[in-house]
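Reader: I am new to this structure and would like a close look at one part of it. Please take the packing between two helices and set it in its surroundings.

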Amino acid sequence: MKHNLIAIIILFMSTTIMAQDRMDRNEKIKTLKVAYITEKLDLSKTEAEKFWPIYNDFEENMHELRKAAYEDRKLIDYDNLTEEQATDLIKKFKESNIQKNNLYSKYLSDLQKVLSSKKIVLLKKAEDDFKRKMFEEFKKRRHEKKR
């Protein structure tokens with residue numbers, strides 16, 4: 001009985017620690033991204049105060065749309081999918097893309113109120129560069145773990 005209780009406690013603690021590690025890692029990445037974008041765009045204090053709420057709101061809404069689409073795809077029984085179900089799914093895919101495009105268009109319009117067009121273009125480049133750097137770092141660390 002004691003051994004079962006100890007095993008359950010250890011399992012719970014390790015799960016909690018792993019979740020915390022993931023949250024810490026995500027927060028670190030987000031902090032690095034904020035610093036990287038701020039530096040690359042050379043945001044003034046005033047620009048940053050107006051920019052970050054728009055950016056964070058967009059990121060959160062886009063995350064929710066991606067999460068909902070992922071959850072929908074998890075429920076699909078691909079082996080027993082009927083033509084009618086597939087047609088309905090395609091309709092959902094189209095609607096999801098329309099929502100994402102509308103969200104992105106609103107985001108760009110909102111950004112144009114607080115940043116120059118040049119900085120908005122530089123933002124896209126900074127985001128792409130950051131993703132590339134993170135991917136390269138991930139590959140490097142994976143390669144180092146394999147050794």
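Author: What follows describes the pairing of H2 with H3, after a short account of the whole chain and before a look at the core.

This is a predicted model, in which local features need pLDDT of at least 70 and side-chain atom pairs count only at pLDDT 80 or more, while totals for chains, interfaces and linings use all residues. Residues are numbered from 1 along each chain as its sequence is written, and side-chain values use heavy atoms, with hydrogens and water left out.

The protein has 4 helices and 0 strands, where helices (H or I, at least four residues) and strands (E, at least two) are DSSP runs numbered from the N terminus. In order from the N terminus, the elements read α-α-α-α. Of the 147 residues, 22% are buried, meaning under 20% relative accessible area with a 1.4 Å probe, protein chains only; exposed means over 50%, and partly exposed lies in between.

Two packed helices are described by the angle between their axes and the distance between the axes. For H2 and H3 the angle is about 175 degrees and the axes are 10 Å apart. The axes are lines fitted to C-alpha atoms over the stretch in contact, and angles run from 0 to 180 degrees between N-to-C directions. H2 is therefore roughly antiparallel to H3, a term for angles over 145 degrees.

Contact means heavy atoms within 4.5 Å. On the H2 side the residues that meet H3 include Phe51, Ile54, Phe58 and Leu65; on the H3 side, Phe93, Leu103, Tyr107 and Leu111 are among them. By class, this contact has 12 nonpolar, 3 polar and 6 charged residues. Here Ala, Val, Leu, Ile, Met, Phe, Trp, Tyr, Cys and Pro count as nonpolar, Asp, Glu, Lys and Arg as charged, and the others, Gly among them, as polar.

Phe51 and Leu111 also belong to the largest nonpolar core, which has 21 residues; together with Ile37 and Leu123 they touch the most other members. Such a core is a set of buried Ala, Val, Leu, Ile, Met, Phe, Trp, Tyr and Cys residues joined through side-chain atoms within 4.5 Å. Helices H1 (2–41), H2 (45–74), H3 (83–112) and H4 (117–146) each give two or more residues to this core, and the largest share, 8 residues, comes from H2. Leaving aside neighbours within four places in sequence, Leu111 is in contact with Phe51, Ile54, Ile120 and Leu123. Ile120 and Leu123 are among the buried residues of H4.

Key. Parallel < 35°, antiparallel > 145°, perpendicular 65-115°, else oblique.
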